[in-house]
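The following exercises concern helix packing and charged side-chain pairs. Please attempt each task before reading its solution.

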Amino acid sequence: MASIKDVAAEAGVSVATVSRVLNDHPSVSPDARTRVLAAVAHLGYRPNAVARSLRTDQTRTLGLVISDVLNPYFTELARSVEEEARALGYSVIIGNADERPEVEDHHVRTLLDRRIDGLLVSPTDGGSPAMLDAARAGTPMVFVDRWIAGVDVPVVRADGRTAVRDLVAHLHGLGHRRLAIIAGPAATTTGSERVEAFREALAAHGIDLPDAYIGQGDFQAESGRRATERFLDLAEPPEVVFAADNLMALGALDAVRARGLRVPEDIALAAFDDIPWFVHTDPPVTAIAQPTGELGRAAVHALVDRIEGRPPQSVTLPARLVVRRSCGPDPARRTTGVRRAGRGPPRLLRPAGPVRSLAGVPPARADGTPVRDRNRAGGRSAPVSA
């Protein structure tokens, strides 16, 4: 393997000149720079990144600790961060906190031990001790998507309040009045902010948000399923379920289908955080889309500014409402679903016609009586299908 001395000999310059060329120092003449770069290419020389970091106190490496790598929103965010960092000459090491502060703590400590130049963090519940200590010690850091009040760190995030107002106005225009939300963890800024934005938007239309219509989730699909099951068991179930993230929305959809109900005929569904999958569900899901790629790029620039001695800027970008078919037409025209006020007692009706059994729920006729699968009993009839 070629050394820096080999490059210097090939180019006919000193080792110091080679070093200056490799570090893009302006004092090198164009002729010497050309000869050095030609020697580097000819010999296939690769600088020793570890040795360089010891000399310059920089590794050209950023750490990214995201909340949940299985969440498509954070996957897309990580991709945009890596692409932009690479364009600026930095590499990225990614840690998945899995929405657990102790795992976040592990990743932060590991990344700092590897002498990264700066950290991008989407904090878990209240943040981890190591992350908070690093921020207070002056480690170059930027919060992305979420932040922690009282911690002096630049924040790059989306503002979803206007999009939530647009969503509620859309639902109100469709005639919906009983709207529920599946909230994220209250200790996270995104969890608490989305509930408050939803409550404020409802109040602007004279609609209350009772406690029974607030389901507590954890940004995971299972919590969305459990919250939706509780909504469906209410004496007066909601007409709309708004999930405060995409995974909880998928859990909500599972719960609705497991009851043999249909979206939007029986209950409407909307989500915060649009994902590519939502256009492929049946029906496609109405969602609030965050500018994920722009957020990732802005976060990298803010962190690199901090690392390279420029004043970093917090950035807030707008989210937007994407209307699809999961909230349905005017519910006054529905013949199935949640009965509206003034049209009889509120209750969930079964869909018209038999339905296929989902998640262990036996198929049933429109009147609610079970449909027997005679194939199992003796083979005298074909299985029921939707």
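**Exercise 1.** At roughly what angle do the axes of helix α1 and helix α3 cross?

The structure is a predicted model, in which local features need pLDDT of at least 70, side-chain atom pairs count only at pLDDT 80 or more, and totals for chains, interfaces and linings use all residues. Residues are numbered from 1 along each chain as its sequence is written, and side-chain values use heavy atoms, with hydrogens and water left out.

*Solution.* Step 1: the axes of α1 (residues 4–11) and α3 (residues 30–43) cross at roughly 125 degrees and come within 8 Å. Axes are lines fitted to C-alpha atoms, for helices over the stretch in contact, with angles from 0 to 180 degrees between N-to-C directions; helices are DSSP runs (H or I, at least four residues) and strands are E runs of at least two.
Step 2: α1 is therefore oblique to α3 (under 35 degrees is roughly parallel, over 145 roughly antiparallel, 65 to 115 roughly perpendicular, the rest oblique).

**Exercise 2.** Classify the burial of Arg157 and Glu193, which form a salt bridge.

*Solution.* Step 1: the closest N and O atoms of Arg157 and Glu193 are 2.7 Å apart; a salt bridge requires a side-chain nitrogen of Lys or Arg within 4 Å of a carboxyl oxygen of Asp or Glu.
Step 2: the partners lie 36 residues apart, Arg157 in strand β5 (residues 155–159) and Glu193 in helix α9 (residues 189–204).
Step 3: Arg157 has a relative accessible area of 13% and is buried; Glu193, with 17%, is also buried (buried is under 20%, exposed over 50%, partly exposed in between; 1.4 Å probe, protein chains only).
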